[in-house]
Amino acid sequence: MDDPGYVGPQPRLIQQLDDADPQSNTLQRQGDVVPQHSATEESRALLPQPSSSHPLPVDLLNKSLVFNLESEQAPQIGDTNIHTTGSVYNAPVHKHVTLVTVYQSPEQAHCLSQLPVTHYFDEETLPKLPATPPSSEQLQFSSQLPAQHSLYEETSPKLPSTSLSSAQRQRYAEQQPSTSTELHRKHEYVQSSTALMSLLKQRVEEIASEESSLADFANRPIPTVNLAIVSKPQQIDNEFQAEGHYRRKKELYKIPQSDITGEEMFNRAKETAQREAEWKFKKDNVKAKHDYIEKHGNVVGVVGQAGIGKTTTAKKWAMQGLRGELLGETSFFFYIVIRHINFEKKMTLLEFLLSSMSIEKDYSPEQEKVILNAICHDPNVVMILDGFDEAAIKSFSKSVPQPLLRSKSKAKNYLKHLAGGNLLPRARKIFTSRPTQLYKLHHTYRPRFIVQILGLTPTSQDELGRQICEDRYEDVQQKLEQNRNVFAYCYVPVNFILTLVYLMNYDGDVKFVSLTRVLAFTCGQYLKTNHLRGQEGELDKLAKLAYDAFLKMEIVFKLKAFEKAGIKESTAGAFTNTSVTKHGNLKLTILDGHKVRYFSHLIWQEFFAGFYLMMIMSLDEFEKVLEQLSDDRWEVVSKFVFGICDPSVFDQLEPLVPESSGEDWKQKKSLLLKFIQSKLKLSSEEEILQVCSWAHESNDPEIASSVASLLPDQLDFGGSSLLPVDYESLLFVIQHRAKPPKLSGNKDILQVCSWAHDSNDPEISSTVASLFPDELYLRDSSLLPVDYENLFYVIQHRAKPLKRLDLSRNEIGYTGGASLAPCLHNMEQLILIRCWIGSEGVEKLCGGVKKLTKPLKIFDLSCNKIGNRGAASLAPCLHNMEELILRGCEFGSVGVKKLCDGVKKLTKPLKKLALSRNKIGNTGAALLAPCLHNMEQLILEWCGITSEGVEKLCDGVKKLTKPLKILDLTDNKICNTGAALLAPCLHNMEELILIRCEIESEGVEKLCDGVKKLRKPMELLNLSGNQLTDKSANTLAQCVHNINLLEVWANDFTEVGENLIRSKSRGEVWF
């Protein structure tokens, strides 16, 4: 480590020293070592092992050292041990902790021989050095020099400043009668620190090696699989707070992926702390920044829901830390299981640290002082505090006073200040916890850097599954994927393992598997084992213990708690033993511990709490607690309560409780139904999903129907990232509702389609499709290829066609066109404006259109560059369209010719053909003229048509036996000539639209002449945007009585002209 307070292990340099010139006794340059005396062979054997990280100025053996303090070669702050068997003169003395270790006079050498371990010392620690070389009597002690040593405080006697005569040495010795005793005592303290380091590491290894409550009975080596770990942002928001046991969260909607490794955690923590320090403190406040980074950069929070693998991961990191693979070099290593801490007793910091690791050591105040000082200053102290959420703390949010190092305080004070970095800031600390408890922690104590364990990735699931199931894994995996209700929970390792074993051992129907079924079956199998025979009657007491502890938020039980519950020690011991299943060789414990016991996984405590409620609790008590079932903290327990409503589960559990009554069970189900119908309003997303999950877990049609009746007609989850299990539960309930509700949010629709497609289940897809509104608008939704693939897959399975599907302004492209083609039968109108569908995409779509048994009412491909080729592809399938809209599709007269060939063959006219904004010109108009009898509306906006093209169109209009409903020539420069040509044809048009066609008063006169001759009024004449004046107003006033709607906005009429037209009109006039 690059820390100035650290003295690391000393590699040997004996050979280097032996190779030096032993005869050299002259200073080569300023700061070199001066040879003075020789040492004995015995001293060579005792020579310490200096560090190679700071090479000596001159490699000499058996020499004293003399340093010029102004030389670069002199010992400096940060130098590691500099060893010699002689004297050192002018050795530097620093005012703060330094790494320089020197051996000086014989008296000092004797003192140092009593202190064999790494040490820290300051100005007060060093004795005064002699001003002259030591005498020969002093040098005889140099052979006493030991290996690496430590100093702390006043460990060396004060020495006189001159050479000593025999009389002086005697007087000096008389003045120091207690030095030897004091040094021996200090030596014992240092030995205690060294022994404690070793003991801690041994205990950490024992804890990290403890067998899991779920293990392989055959003792096959099953390596730990990697879990997905992601870094959390510094700011913890309300969404993070909501993440508890099986809470919904967006990270798990997608496959869990890691973005950080264990090796990177503390580096990232320091980076986070450094960024915060930059904006918290002024630029020149270097010390405050350093302290802040040290305080918060050495704390990492690790969160995850119960059973996700926090403890397993922490133990893995502990083993890696002991081997130096994860955290580098370590000295004091603590692995603290927080549920083992006594939160009632006041204790010193050292007592807190040791008692939590079940280490009982009595240290004197002086010993404790030495050890604590070492722990405080050593940057290689590591602490893993596992299970912060299991702390017996009533209020996580309250601040507490910071405890003094050597005073007694309560455990909660130590725990909070360790988490906040206020206590032992140099020690690296890892806290594991459920998210909710970490969020509730007062902000001054909450770790600034947090990582979250998301659970098993598909790869790690596969690895673990093959280890457990071996050659049966493929079959078991298939069953598991068919049961998405429980599969959704299998990113949690404990759930995954129990479910695999259930599927390997359960002989009944596995079409529906719930988490309650898995635990009920496992519990039944466990109680059938030899060591639990005769203990079946004790299960109700264990369940009562679990329920009472759940109410009190307790998870650790002393022997008195078992005695109070009436549970014998033999019974508790039996549940701590293991059972073996037929297949899978599962070794399982429900309780762990000896003097202090706890459920091996919190899920067992919550299961037994639900078990007590449904199978044991009286009806009166049950009715009183119903109100609490909807509370967040009861989420898992409530799920198990409804899960036990499953008749299959009740059949498994009933034999385990002799006093249980089927009649009571039925009455409790009735109370639950009454509670759902009278107390729950289902006004929020959370309530809807929670109650649907209850109904699904129950697998009970009556409960599902009751919940379904409460669902609103419109469901809007605001685009929240729901888990697959949420959709599974929701659909289970909807299937029991006569008329399914509708999803109103586009993001909700896309998410549920993703889940349905993943299921590859036509029945699920059909139910999901029934949730769509009749008209589905997904304009500008930034759809990805995976989104529209999921959507189109679901639409294929819709029982009733969509009235309208609008996907405009989404990049559907060729692949989207290909995916959309098979589901065209399930929609009446398809709007694909600006969807980047080219001619190839149109070809794919036309393949689907040709197969339709009922025509599309509207097919809109506007603003897609389909070109002449795309138009040609559409021609053969026009019979399966009622309206074809091709605005701005970049085809010309060649494309029009192909379309006209198709129109001519129609046995039933097109209701609408819109070719606006395509450069078809007069040629295209001429091609369209013979086809007008086979269309009702022709829209030719901005097509480059002049009076010449109008003339061709009019030839076709004149021949019609049935009038065109609409002819739209907007933004074509037909001018007065074109208007004059249209006038004789007005009897064969119901609506004529001539917006911005450069028609003047002369053209208006011609049109009005035609209108006057009509036997039946025109429905619409639109002359807007032609800059008409009051002169034209006089003309229009003469014929407006024969027009139901006249639109003349954006012209130059005065108020007089407008009033004149209005006065003559029998219909509507829009200015």
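**A walk through the predicted chain**

Helix α8 passes helix α9 in a right-handed crossing. The model in which this crossing occurs is a predicted one. Two packed helices are described by the angle between their axes and the distance between the axes. For α8 (residues 265–280) and α9 (residues 286–296), the axes come within 8 Å and cross at roughly 145 degrees. On the α8 side the contact is made by Ala269, Lys270, Ala273, Gln274, Glu276, Ala277, Glu278 and Lys280. Lys289, Tyr292, Ile293 and His296 supply the α9 side. Sorted by class, the residues in this contact are five nonpolar, two polar and five charged. An α-helix has 3.6 residues a turn, so residues three or four places apart point the same way.

The helix pair belongs to a chain of 1071 residues, of which 56% are buried. The chain has 43 helices and 29 strands. Among its contacts with a separation of 6 or more, 77% are between residues 24 or more positions apart. The chain exposes about 46,800 Å², and carbon and sulfur atoms supply 48% of that area.

Strand β5 follows at residues 299–303 and runs parallel to β11, to which three bridges join it. Within this pairing, Val302 stands opposite Val451 of β11. Strand β11 covers residues 450–456 and is mostly covered, with seven of its seven residues buried.

Leu354 is in helix α11, which spans residues 349–355. Its relative accessibility is 3%, and Leu354 therefore counts as buried, the cut-off being under 20%. Which residues does Leu354 contact, leaving aside its neighbours within four places in sequence? They are Leu196, Leu200, Phe334, Ile359, Lys361 and Tyr363. One of them, Phe334, is 20 residues from Leu354 in sequence, and the C-alpha to C-alpha distance of the two is 8.3 Å.

Further along the chain is helix α25, at residues 635–643. Nine of its nine residues are buried, so α25 is largely enclosed by the rest of the structure. The buried residues of α25 include charged ones: Glu635 and Lys639 are both buried. Val636, Val637, Ser638, Phe640, Val641, Phe642 and Gly643 of α25 are buried as well.

Next comes an open sheet of twelve strands with parallel pairing. Its strand order is β18-β19-β20-β21-β22-β23-β24-β25-β26-β27-β28-β29. The edges are held by β18 (775–777) and β29 (1068–1070), each with a single partner strand, so one side of each is left without a neighbour in the sheet. From one strand to the next, the twist averages 10 degrees. An example of the pairing is given by β19 (residues 804–806) and β20 (residues 829–831), which run parallel and are joined by two bridges. Here Leu805 stands opposite Leu830 in β20.

Helix α36 occupies residues 867–874, and Ser873 has its place there. Is Ser873 buried or exposed? With a relative accessible area of 15%, Ser873 is buried, because the limit is under 20%. Not counting residues up to four places away in sequence, Ser873 touches Val842, Glu843 and Cys846.

Key: Residues numbered from 1 in each chain as written. Predicted model: local features only at pLDDT ≥ 70, side-chain atom pairs only at ≥ 80, totals over all residues. Heavy atoms only, no water. Helix = DSSP H or I, 4+ residues; strand = E, 2+ residues; numbered from the N terminus. Buried < 20%, exposed > 50% of the residue type's maximum accessible area, 1.4 Å probe, protein only. Contact = heavy atoms within 4.5 Å. Areas by Shrake-Rupley, 256 points an atom, 1.4 Å probe, with all protein chains shown as cover. Pairing = 2+ DSSP bridges. Axes fitted to C-alpha atoms, helices over the stretch in contact; angles between N-to-C directions. Left-handed = near helix turned anticlockwise from the far one by under 90°.
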